[in-house]
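Look at the structure below before reading on. The text then takes you through it step by step.

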Amino acid sequence: MKFAVLTIFPEMCRPFFEHGIVRRAIESGKISASAADLRDFTSDRHKTTDDRPYGGGCGMVMKPEPLAAAIRSTKASAPESRVVLMSPQGRRFNQAIAQEFASLPGLIFICGRYEGVDERICQNFVDYEVSIGDYVMTGGELAAMVVMDAVVRLIPGTLGGEASAERESFSNDLLEHGHYTRPPVFEGEAVPEVLLSGHHAEIESWRLETSLIHTALKRKDLLQNRCLSSKEVEILKRWRREIDTLIHGQSVCGAGSLSGGQ
Ligand code: 4FV
């Protein structure tokens with residue numbers, strides 16, 4: 001898969017290419033990654049990439065010519081690549097979009113600066129407009145690297161032995177279970193017994209139950225439009241029984257407030 005970042009600060013992106021899983025994916029040839037300087041696609045001696053907004057107002061706008069030239073030049077060597085504009089107006093980035101992108105032959109990221117890019121670029125050159133969150137950043141570079149990082153690790157073979165993209169948060173729309181490693185007791189707190197038992201079926205159900213707990217407590221929204229597996233329904237029913245027992249127990253010991261049949 002080919003990744004190209006179009007930016008006025010290519011030096012921001014290069015360190016990202018030189019570390020961790022992204023670096024190894026490049027070295028193994030599973031991906032290629034480049035950061036192109038938009039100034040190299042200007043034609044004036046001041047290498048101007050921005051100008052004042054028509055209609056007045058504060059801030060500057062990125063000029064269309066350098067962006068169009070940079071996109072065309074990049075597409076010349078990667079014609080099947082899709083163009084992604086990072087902007088707060090875009091689709092909110094998530095794991096599903098990361099999986100969609102990981103199936104593409106290539107991505108060309110446009111990194112906005114100032115107030116944004118000339119609208120004619122958005123209308124005529126952009127395939128996807130993506131936002132990493134409802135806040136305004138100084139530039140699209142970090143956002144492009146966030147998307148690239150989440151996509152690269154979904155490319156088969158990039159993660160290697162240390163992790164698997166199949167079993168993780170959002171892969172089944174549940175948050176991940178807790179992770180433990182040595183020592184078995186840390187500052188008086190022990191690792192859950194079941195994880196030391198070697199009993200894989202019990203470990204699996206502990207992990208599923210913990211994922212459900214984490215998701216129910218931290219991201220109930222993820223459960224709302226999610227069809228539960230029979231095992232998950234079983235777990236939730238057991239919880240309900242335990243909670244009912246708890247409530248019943250409370251009413252028995254006269255906790256009046258609870259007796260209201262809530
Ligand atoms: C952004 C975001 C973002 C807006 C103006 C760059 C900045 C400047 N990109 N998700 N949120 N971009 O704030 O992706 O051009």
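What follows starts at the ligand, moves out to the pocket, and ends with two points in the backbone.

The model is predicted. Start with the ligand. Where does the ligand sit? The space taken by the ligand is the largest pocket. Around the ligand there are 17 residues. Those that come nearest are Arg113, Ile132, Gly133, Tyr135 and Met137.

Now sort this shell by class. It has 9 nonpolar residues, 7 polar ones and 1 charged one. Next, sort it by element. Strand S5 spans 82-92 and strand S7 spans 128-131, and each supplies at least two residues of the shell. S5 gives the most, with 3 residues.

Turn to the polar atoms. Which backbone atoms lie close to nitrogen or oxygen atoms of the ligand? Take glycine 133 to begin with. One of its backbone N or O atoms lies 3.1 Å from a nitrogen atom of the ligand. Arginine 113 also takes part through its backbone: a polar atom there is 3.2 Å from an oxygen atom of the ligand. Serine 87 brings in a polar backbone atom too, 3.4 Å from a nitrogen atom of the ligand. How much of the ligand does the protein cover? On its own, the ligand has 370 Å² of accessible area, and the protein covers 95% of that.

Step back to the pocket. About 440 Å³ of space lies in the largest pocket. Its lining is made of 25 residues. Closest to the centre are Met86, Ser87, Pro88, Glu115 and Gly116. Ser87 is thus named here as well as in the contact with the ligand. Which elements give two or more residues to the lining? They are S5, helix H5 (119-125) and S7. S5 has the largest share of the lining, with 5 residues. S5 also gives the most to the shell around the ligand. By class, the lining has 12 nonpolar, 9 polar and 4 charged residues.

Two backbone details remain. Find proline 183 in the loop between helix H6 (141-152) and strand S8 (185-186). The peptide bond that leads to proline 183 from arginine 182 is cis, and its omega is near 5 degrees. Then find lysine 47. This residue is in the loop between strand S2 (32-37) and strand S3 (50-51). Lysine 47 is not a glycine, yet its phi is positive, at about 50 degrees.

Key
Residues numbered from 1 in each chain as written. Predicted model: local features only at pLDDT ≥ 70, side-chain atom pairs only at ≥ 80, totals over all residues. Heavy atoms only, no water. Near = heavy atom within 4 Å. Polar contact = N/O pair within 3.5 Å; in protein donor to acceptor, adjacent residues only side chain to side chain. Areas by Shrake-Rupley, 256 points an atom, 1.4 Å probe, with all protein chains shown as cover. 1 Å grid on protein atoms, 1.4 Å probe; cavity = no way out; pocket = protein on both sides within 12 Å on 5 of 7 lines; lining within 4 Å. Sits in = over half its atoms within 2 Å of the grid points. Helix = DSSP H or I, 4+ residues; strand = E, 2+ residues; numbered from the N terminus. Nonpolar A, V, L, I, M, F, W, Y, C, P; charged D, E, K, R; others polar. Points joined across faces, edges and corners; volume = space filled by probe spheres on them.
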